[in-house]
Each structure stands twice: as structure tokens, then as C-alpha cells.
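Visitor: Could you take me through one part of this model up close, and then show me how the rest fits around that part? I'd like to start from a single pair of residues in a sheet and work outwards.

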Amino acid sequence: MIEIKNLCKSFEDKQVLKDISAVFENGKTNLIIGQSGSGKTVLMKNLVGLLDPTSGEVLYDGRDFVAMSKKEKIMLRREMGMIFQSAALFDSQTVLENVMFPLDMFSNMNLRERQQRARTCLDRVNLVEAERKYPGEISGGMQKRVAIARAIALNPKYLFCDEPNSGLDPKTSLVIDELLHGITQEFDITTIINTHDMNSVMGIGENIIYIYEGQKEWQGHSKDIMESTNRKLTDFIFASDLLKQMRAAVRGKE
Amino acid sequence: MLLSKYLNTLGRYLMLMGRTFQKPERMRMFFKEYIKEMSQLGVNSIGIVLLISFFIGAVICIQMKLNIQSPWMPRWVTGYTTREIMLLEFSSSIMCLILAGKVGSNIASEIGTMRVTQQIDALDIMGVNSACYLILPKILGLITIMPFLVIFSSATGILGAYGTAYIGHVLSPEDLTLGLQHTFNPWFVWMSIIKSLFFAFIISSVPSYFGYTVEGGSVNVGKASTDAVVSSSVLILCSDVFLTQLLS
């Protein structure tokens with residue numbers, strides 16, 4: 001479980017995150033949503049330690065990440081996996097080597113065991129056949145799946161995904177969503193996904209946090225969105241006329 | 001203002017070097033990268049080093065013969081000056097300036113691209129010391145291979161000089177040999193190697209700094225690459241003055 005308490009982040013005189021408190025439970029897909037520039041990415045960077053908050057606490061199962069020493073932070077980071085918007089695979093390494101990388105760095109397995117584990121992870125994302133290819137030779141969706149395999153190679157307790165569906169077609173996005181949801185439940189990990197994708201929000205959002213201008217505006221399950229009277233949230237989620245009509249139709253049926 | 005900017009850059013560079021010179025997390029991974037960098041930065045530069053050194057050796061020999069040699073000069077003067085120029089300046093300093101362009105831009109653009117595509121962030125989040133993992137093998141790899149490049153360069157330059165003697169008939173091979181052997185001081189070889197070790201550190205660490213600290217996109221990577229080459233070239237030239245004074 002990850003808990004943030006009164007988190008604030010400022011860049012010089014501009015306050016980007018304003019007193020955000022939230023709980024991200026394990027075994028659930030936690031989603032952070034919000035408009036571009038609302039502070040989602042800054043919030044995630046504060047969670048993983050790429051930025052230091054101006055004030056507030058980030059607790060990983062009760063351990064205060066902000067107050068930790070550099071060495072303790074490095075140790076805790078080994079319990080994290082992250083999938084970046086651009087997948088961030090190492091260009092000079094094959095798919096198998098990319099997935100083996102965290103194992104090479106931090107596990108005490110021998111080469112055969114490391115290869116075995118990497119292939120198991122690739123099998124979990126249905127990509128065993130691409131193990132000898134380089135990231136530049138596979139599609140964006142496949143790169144994201146490789147990034148997922150790399151992120152789960154060391155059995156992380158916490159999984160972070162920064163817009164995992166960006167640049168993907170709806171069908172591939174669905175595959176990625178199902179994978180992330182499945183992995184979260186299978187390994188009982190705390191997954192936090194930063195997304196704009198409304199299909200993801202409605203499909204796998206078990207704990208959604210809506211950030212509006214740096215503040216937590218709304219929190220709840222995807223099922224609660226239909227009934228929500230929060231104008232800022234509904235304006236964001238049902239931005240298009242088509243979605244507004246769909247919502248009206250669903251509410252009409254009920 | 002400008003001084004404060006330079007001091008700020010120097011401070012950030014030293015802090016990065018502090019993070020770089022730490023014990024690698026996995027020696028196995030470090031040695032793998034170290035061997036790879038020796039091959040990429042050093043072995044892959046042998047071709048250009050040999051090519052340039054051969055022709056510069058030949059040109060120096062011709063110029064010396066045409067412009068310095070006279071009835072008032074001893075026969076060995078062309079060979080002697082060719083050897084001294086190759087050994088003392090070309091094979092260490094000028095060759096490192098050339099390598100600053102080839103290797104420096106390569107390092108800055110490679111690390112810069114890794115920065116803008118979040119590959120370095122990925123390393124950091126895994127708990128890997130990204131500076132140590134990426135930069136240390138490059139610095140040590142180039143420092144290891146540089147003395148060999150210097151020796152190859154000097155030898156090829158002298159071979160180029162012999163080319164002008166045997167093929168171009170600019171001077172007789174006997175005169176050239178006499179000059180090459182005249183009052184040979186072995187310390188000059190060591191001096192050349194010691195200088196090149198400092199330059200190898202500059203060529204690898206300065207572009208690594210510019211690449212590692214890139215912010216933005218591809219335009220900034222290009223700018224970092226240019227800045228890296230310019231800065232390392234200027235630093236090589238400045239340190240050459242001090243090192244030459246110190247070692248002579």
C-alpha cells in the first residue's frame with residue numbers, strides 16, 4: 001500500500017501539487033487522471049523519487065520515502081517497477097536482454113535461471129517469439145509489453161505506469177490494460193497508472209484519483225463516475241458529445 | 001554572471017564525477033560494459049587514427065624537407081623533427097583533438113538520447129546508479145585503450161614518413177633513419193602517453209556530462225553534442241599547455 005499525506009510540490013514560485021492526500025491499495029489498479037498540465041506526471045515523479053516533494057509524506061507500507069537516506073531509497077526502488085510512456089527500453093539490447101537487465105543487476109541467479117525467468121515474464125506478455133529482436137524492430141504496443149515484462153522481472157511490490165496507452169490503438173490499449181490489471185491481481189501488487197485513456201478509466205479503474213489544477217478533486221471507483229455530480233470530473237470524462245449521449249443513455253436505462 | 005554560470009557547471013560536473021566514481025553494483029555487468037566501450041570507443045577509432053597519422057607523418061616529412069633542410073643543416077634534421085612532432089604533439093594532443101570530435105559527439109549523443117527517451121530514468125528507478133553504470137566504463141575503457149592508440153599513431157606517422165622516402169623519393173631512407181634515431185629520448189614516449197591519459201579522461205567525461213544533463217528533445221541532444229566537442233577540445237588545448245610545461 002502507498003499512502004501520500006499533504007503532498008505539495010512547487011517549482012520556484014509556481015505550486016504544481018497542492019496538499020494532495022490519497023491511499024493506493026495493493027491488489028487494485030489505482031488510476032491518476034486529469035487534464036494535461038494538471039500535475040499527474042509531477043505527482044508520479046514525486047512518488048518514485050525522480051522529484052522531491054516540497055512538503056508532505058510518501059509512505060510505502062508505512063516507510064516514509066521522503067525521509068529515507070539515498071541508500072535506503074535505492075534499496076526501496078528495487079521493489080518498484082516502472083513502465084514509461086515511451087517504454088524506455090535500452091536500444092542497444094535485445095528484448096530478452098532488456099528483460100534480463102534487472103535480474104543481471106540485482107539477482108543472484110545464474111545465467112540459465114535468469115534467462116528462464118526473463119522468458120517466463122515474456123511469456124506472461126505473449127512475446128517469447130520476439131526475444132532476439134531489438135526494440136527498434138518491434139511495434140509500440142510490443143515495446144510496452146516488453147516494458148511490462150521488464151518491470152515485473154524482479155517481482156516488484158509496486159508498479160508505476162506513466163500513460164501506458166499513449167500512442168496505441170484501442171485494441172492494443174485494451175491488451176495492455178488487461179495485462180496490467182491481471183498482473184496487479186495475480187501478484188497482489190500496488191499498481192498506479194497515470195492515464196488519459198477513458199477506456200482504461202472505465203475498464204480497469206478500481207481506485208481513481210482525479211487531479212484538477214494540482215489538487216485532488218475526486219476519488220472513487222469507475223462505477224461511481226456515471227453517478228458523480230462533480231462537474232469538473234464529468235466535464236473531463238464526458239468531454240465529447242458522443243460520451244455525453246452515452247452517459248445520458250446509460251442513466252436513462254437505469 | 002558568466003563566472004557564476006561556469007562555476008555552476010563545474011560544480012555539477014564534479015558532482016556527476018562523484019556519482020560516477022563509485023563501486024559498481026555488479027562487477028560482472030561493469031566488465032561487460034567496460035569491454036564493450038573499449039571496443040566501441042577505442043578499437044573502432046583505430047582506422048581513423050592510422051589513416052590520419054600516416055598522411056600527417058608523410059606531410060610533416062615533406063614539409064620539413066622542403067622548408068627546413070638546407071646545406072647548412074645536418075642530413076638527419078628532417079627525420080629528427082618529424083619524430084619529435086609526431087611523438088610530442090601529434091600522436092597525443094592533435095590526435096586527441098580529432099578523437100574529441102569522433103568519440104565526444106558519440107558519447108554525448110548516446111547518453112543524451114538515453115536521457116530524453118527516459119532510459120536513464122528507468123535505470124534510476126530500478127535502483128541502478130546510472131552515472132556509474134553508463135559513464136565509468138566509458139572513462140576507464142578509453143583511458144585503457146588510449147596509450148595503444150598513441151603508440152599506433154606514432155608508428156604509423158613514421159611509416160608515412162618512410163612512404164615519402166621510399167615512394168616519393170623526397171629524401172633517402174638512410175637519412176630519415178638517421179634522423180629518427182638521433183638523440184632519442186625515451187621519456188618523450190612516456191610523456192606522450194601520460195598526456196593522452198589526461199586527454200582520454202577529458203574526451204570521455206566532459207561529453208558524458210553534457211549528454212547526462214540534457215533537458216528537452218532532439219535539438220538539445222544535438223546542441224549538447226556540439227557543446228561537448230567544443231568544450232573538450234578547448235580543455236585539451238588548455239591542459240596541453242600545462243602538461244607540456246609540467247612534463248618537459
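Guide: Sure, let's start with A:Ile33, whose bridge partner in S9(A) is A:Tyr210. Keep in mind that this is a predicted model. That pair belongs to a ladder of five bridges joining strand S3 (residues 29–34) of chain A to strand S9 (residues 207–212) of chain A, and the two strands run parallel.

Now zoom out a little. S3 and S9 sit side by side in an open sheet of six strands in chain A, ordered S6-S7-S8-S3-S9-S10, with mixed pairing. At the edges you'll find strand S6 (80–83) and strand S10 (215–220) of chain A, each pairing on one side only. Going across this sheet, neighbouring strands are turned by 20° against each other on average, direction ignored. Something also lies against the sheet: helix H5 (residues 140–152) of chain A packs on it, touching S6 and strand S7 (158–162) of chain A. The direction of H5 of chain A makes about 175° with that of S6(A).

There's another bit of strand pairing to look at in chain A. Strand S1 (residues 2–11) and strand S2 (residues 14–24) of chain A pair in the antiparallel sense over seven bridges. One pair to click on is A:Glu3 with its bridge partner A:Val23 in S2(A). S1(A) and S2(A) make a hairpin with two residues between them, and A:Glu12 in the turn has a positive phi of about 55°.

As for annotation, UniProt has an unreviewed entry that places the feature "domain: ABC transporter" at residues 2–238 of chain A. Over residues 2–238, chain A is 39% helix and 26% strand, and the end C-alpha atoms are 29 Å apart.

Next, hop over to chain B. The two chains do touch: 13 residues of chain B are in contact with 15 residues of chain A. On the chain B side, the largest share, six residues, comes from helix H5 (residues 119–126) of chain B. By class, the chain B side that touches chain A divides into five nonpolar, four polar and four charged residues.

Inside chain B, try a pair of helices: H8 (residues 187–212) and H9 (residues 218–247) of chain B pack at an angle of about 155°, with their axes 9 Å apart. Angles over 145 degrees count as roughly antiparallel, so that is what H8(B) and H9(B) are to each other. Their crossing is right-handed. Residues in this contact include B:Phe198, B:Ile202 and B:Val206 from H8(B), and B:Ala228, B:Leu235 and B:Leu243 from H9(B). By class, the H8(B)–H9(B) contact has 15 nonpolar, four polar and three charged residues.

Finally, look at helix H4 (residues 77–116) and helix H7 (residues 173–181) of chain B, which pack at an angle of about 50° with their axes 6 Å apart. That angle makes H4(B) oblique to H7(B). H4(B) passes H7(B) in a right-handed crossing. On the H4(B) side the contact is made by B:Val77, B:Thr78, B:Gly79, B:Tyr80 and B:Arg83, while the H7(B) residues include B:Asp175, B:Leu176 and B:Leu180. By class, the contact of H4(B) with H7(B) has five nonpolar, four polar and two charged residues.

Key: Residues numbered from 1 in each chain as written. Chains lettered and ligands numbered in written order. Predicted model: local features only at pLDDT ≥ 70, side-chain atom pairs only at ≥ 80, totals over all residues. Axes fitted to C-alpha atoms, helices over the stretch in contact; angles between N-to-C directions. Helix = DSSP H or I, 4+ residues; strand = E, 2+ residues; numbered from the N terminus. Parallel < 35°, antiparallel > 145°, perpendicular 65-115°, else oblique. Left-handed = near helix turned anticlockwise from the far one by under 90°. Contact = placed C-beta atoms within 7 Å. Nonpolar A, V, L, I, M, F, W, Y, C, P; charged D, E, K, R; others polar. Pairing = 2+ DSSP bridges. UniProt positions renumbered as here; feature names shortened; annotations may be inferred.
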